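Grab a pencil and have a go at these exercises before you peek at the solutions. Each one asks you to reason from a structure, step by step.

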Amino acid sequence: MPTLLRTIDQVGERSKLERIGKIFDRVNAAFFAGRVRRPAFRLSRRMIKAGSADLTRWEMGISIGYHDRYGWGRELENTVKHEMIHFFLAATGRPPGHNRYFRVWAERLGCSLHSRPNSRPYKYIFECPRCGKEYRARKWMGKRYSCAVCSGGRYDRRYVLRLKRRLA
């Protein structure tokens with residue numbers, strides 16, 4: 001039975017990848033005159049945010065969990081448009097971050113600047129030994145971080161954060 005489920009899952013993933021490709025091609029033709037080279041598309045079960053644009057690999061990642069939660073229709077189109085802007089800016093020699101060029105294109109395409117909240121719950125609360133400021137974290141931070149306030153934004157071992165409480 002597991003092989004049957006895997007096959008059904010692979011068929012579902014293939015259709016999602018085809019849908020992503022169709023959205024990409026349609027938006028590319030309508031807004032970018034086909035100038036954006038088609039990236040490889042990847043579905044991710046681990047990604048928290050809606051999507052990602054890996055400009056070195058020229059690969060667009062799409063979160064399965066995020067879109068299972070918020071939808072594979074308009075939300076997916078919004079994500080593809082958003083990630084396409086990163087590829088377009090990189091291809092045209094502009095900085096590909098969320099800058100003024102990005103905001104102009106996001107408005108043209110009618111897509112959002114950020115995805116909806118889809119975070120995992122916090123597991124730890126760390127605090128500064130000097131000022132008591134609390135920092136929430138999803139992963140164990142160890143002794144790699146110090147209080148940004150007390151250390152002036154640079155690592156300082158005198159203000160290494162200590163575990164105050166484990167939440168989950």
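Below are four exercises on this predicted model, each with a worked solution.

**Exercise 1. Work out how the chain is built up from helices and strands.**

Solution.
Step 1: Count the elements. You should get four helices and six strands.
Step 2: Now put them in order along the sequence. The pattern reads α-β-β-β-α-α-α-β-β-β.

**Exercise 2. Compare the radius of gyration of the protein chain with that of a compact globule of 168 residues.**

Solution.
Step 1: Start with the globule, which would come out near 15 Å.
Step 2: Set the chain's own value beside it: 20 Å.
Step 3: Check the spans of the C-alpha trace along its principal axes, which are about 55 × 50 × 25 Å.
Step 4: Finish with burial. Of the 168 residues, 39% count as buried.

**Exercise 3. Find what the salt bridge between Asp-25 and Arg-38 ties together.**

Solution.
Step 1: Check the distance. A salt bridge needs a side-chain nitrogen of Lys or Arg within 4 Å of a carboxyl oxygen of Asp or Glu. Here the N to O distance is 3.1 Å, and the two side chains do meet in a salt bridge.
Step 2: Place the partners. Asp-25 lies in helix H1 (residues 2–32), while Arg-38 sits in the loop between H1 and strand S1 (40–44), so the pair ties together parts that are 13 residues apart in sequence.
Step 3: Look at the accessibility. Asp-25 has 39% and counts as partly exposed; Arg-38, at 44%, counts as partly exposed too.

**Exercise 4. Two salt bridges involve helix H3: place the partners of Glu-77 and Glu-75, and decide whether each Glu is buried or partly exposed.**

Solution.
Step 1: Take Glu-77, whose side chain meets that of Arg-26 in a salt bridge (3.0 Å, N to O). Arg-26 is in helix H1 and Glu-77 in helix H3 (residues 74–91), so this pair ties together parts 51 residues apart in sequence.
Step 2: Now Glu-75. Its salt bridge is with Arg-116, and the closest N and O atoms are 3.3 Å apart. Arg-116 belongs to the loop between helix H4 (100–109) and strand S4 (124–127), Glu-75 to helix H3, and the two are 41 residues apart.
Step 3: Decide on burial, where the cut-off for buried is under 20% relative accessible area. Glu-75 has 11% and counts as buried, whereas Glu-77 has 22% and is partly exposed.
Step 4: Look for shared partners. Salt bridges that share partners join Arg-26, Glu-77 and Lys-81 into one network.

Terms used: Residues are numbered from 1 along each chain as its sequence is written. This is a predicted model: local features need pLDDT of at least 70, side-chain atom pairs count only at pLDDT 80 or more; totals for chains, interfaces and linings use all residues. Side-chain values use heavy atoms; hydrogens and water are left out. Buried means under 20% relative accessible area, exposed over 50%, partly exposed in between (1.4 Å probe, protein chains only). The radius of gyration is taken over C-alpha atoms; the globule rule is 2.2 Å times the number of residues to the power 0.38.
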